[in-house]
Amino acid sequence: MEHRIRIMVPAALLVGGVLTGCGEAEPLPEITQGARPTTAPATTAPEGPKASASAVAGASLGGPGTACSLPVSFTLAEQWEPEAVKDPENPDFAALMRQGPATVRCEADAKPTGHVGYLRVWTAEGKGPARATLEGFVKAEKGSSAAVYRETKAGTLPATEVTYTVHNEVMEETKEERAFAVATPKGTVIVHLGGLDTAEHRAMLPAYELARTTLKLG
């Protein structure tokens with residue numbers, strides 16, 4: 001999509017200047033009904049490898065004075081470049097900035113590290129279970145399937161994590177995606193790891209794990 005959260009095109013879509021002003025990155029999915037995620041056994045879905053190396057800690061994100069004001073804060077991997085999404089509530093771009101129940105608020109670009117991918121932070125209003133919000137988020141991603149949910153921790157907070165696949169019909173490729181969700185007094189927060197393909201996704205898992213294990217409220 002163009003406009004920082006990109007419309008689906010036949011390649012990794014642009015995260016253009018309207019949302020965050022960063023360079024190219026993997027596209028946010030179209031906000032349309034995708035294949036319904038399930039709690040399928042792990043044998044039928046892409047668990048993917050665990051992060052094989054620790055990421056070097058970089059800047060903090062989410063707290064006062066950081067690039068994005070969020071209900072949570074966590075540590076980014078070194079060289080990842082965060083920037084707040086501009087005007088996420090603009091109704092003219094609702095289809096681009098929303099995925100199911102969630103609205104995108106922030107993006108950290110991995111390009112300076114040599115990878116094509118991102119961490120995006122989404123928020124959803126309400127005090128419902130984090131898992132239900134995460135399920136709605138995955139369900140809304142076009143081409144999503146084979147979702148496996150598991151209960152885990154994000155820092156010391158209870159969290160639900162999902163690993164799933166997304167099929168791009170234009171590129172005729174299927175890749176892994178991963179996200180976790182936590183409930184906060186200000187609603188649910190979803191941190192999503194995306195990449196150009198499965199190889200890039202797996203290479204960036206240490207940065208994702210750093211975000212998950214250092215996350216805290218405020």
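Me: Two strands are said to pair if DSSP finds at least two bridges between them. In this predicted model, which residue of β5 stands opposite Q99?

Reply: Strand β4 covers residues 98-99, and β4 and β5 pair in the antiparallel sense over 2 bridges. Q99 can therefore be looked at within a pair of strands that meets the requirement of at least two bridges. The residue of β5 that stands opposite Q99 is A102.

Me: Which residue takes a positive phi in the hairpin of β4 and β5?

Reply: The two strands of this hairpin run antiparallel. There are 2 residues between them. The residue there with a positive phi, near 60°, is G100.

Me: How many bridges join β5 to β6?

Reply: β5 and β6 run antiparallel. One example of the pairing is T103, whose bridge partner in β6 is T123. The number of bridges that join β5 to β6 is 6.

Me: Which residue of β5 does E81 stand opposite?

Reply: Strand β3, residues 81-84, runs antiparallel to β5, and 4 bridges join the two. E81 belongs to this pairing, and its opposite residue in β5 is D109.

Me: How many of the residues of β5 are buried?

Reply: A residue counts as buried when its relative accessible area is under 20%. C106, which lies in strand β5, has 1% relative accessibility and so counts as buried. The strand as a whole is mostly covered, for among its 8 residues the number buried is 7.

Me: Is the disulfide that joins C68 to C106 left-handed or right-handed?

Reply: The structure holds 1 disulfide, and the distance from S to S in it is 1.9 Å. C68 lies in the loop between β1 (57-61) and β2 and C106 in strand β5, so the pair ties together parts that are 38 residues apart in sequence. C68 has 1% relative accessibility, so C68 counts as buried. The torsion about the S-S bond is about 70°, and therefore the disulfide is right-handed.

Me: Which element gives the most residues to the largest nonpolar core?

Reply: This core has 28 residues, and those that touch the most other members are F74, W80, L119, V182, V191 and L215. The elements that give two or more residues to the core are β2 (72-77), β5 (102-109), β6 (117-124), β8 (157-168), β9, β10 (187-195) and α4. With 5 residues, the one that gives the most is α4.

Me: How many residues does the other core that lies apart from this one have?

Reply: In soluble globular proteins, nonpolar side chains tend to be buried together. The other core includes A102, W122, Y149 and I190. Its number of residues is 18.

Me: Why is helix α4 described as largely enclosed by the rest of the structure, and how many of its residues are buried?

Reply: Helix α4 spans residues 205-214. Its buried residues are L205, P206, A207, Y208, E209, L210, A211 and R212. One of these, A211, is in contact with F74. The helix is largely enclosed because, among its 10 residues, the number buried is 8.

Me: Is E177 buried or exposed?

Reply: E177 lies in strand β9, which covers residues 173-184. Beyond its neighbours up to four places away in sequence, E177 touches several residues, including Y118, E141, Y164, H192 and H201. The relative accessibility of E177 is 1%, so E177 counts as buried.

Me: What is the distance of the polar contact that joins the side chains of E177 and H192?

Reply: A polar contact is a pair of N or O atoms within 3.5 Å. The side chain of E177 makes one such contact, of 3.3 Å, with the side chain of K175. For the side chains of E177 and H192, the distance is 2.7 Å.

Me: Which residue in the loop between β2 and β3 has a positive phi although it is not a glycine?

Reply: Most residues other than glycine have a negative phi. In strand β7, residues 144-154, A146 has a positive phi of about 50° and is not a glycine. In the loop between β2 and β3, the residue asked for has a phi of about 80°, and it is Q79.

Me: What distance separates the C-alpha atoms of A146 and T163?

Reply: A146 has a relative accessible area of 23%, and so counts as partly exposed. A146 and T163 are 17 residues apart along the chain. Their C-alpha atoms are separated by 8.1 Å.

Note on methods
Residues are numbered from 1 along each chain as its sequence is written. Side-chain values use heavy atoms; hydrogens and water are left out. Buried means under 20% relative accessible area, exposed over 50%, partly exposed in between (1.4 Å probe, protein chains only). A polar contact is a pair of N or O atoms within 3.5 Å; within protein, one must be able to donate a hydrogen and the other to accept it, and residues adjacent in sequence count only if both atoms are side-chain atoms. Contact means heavy atoms within 4.5 Å. A nonpolar core is a set of buried Ala, Val, Leu, Ile, Met, Phe, Trp, Tyr and Cys residues joined through side-chain atoms within 4.5 Å. A disulfide is a pair of cysteine sulfur atoms within 2.5 Å.
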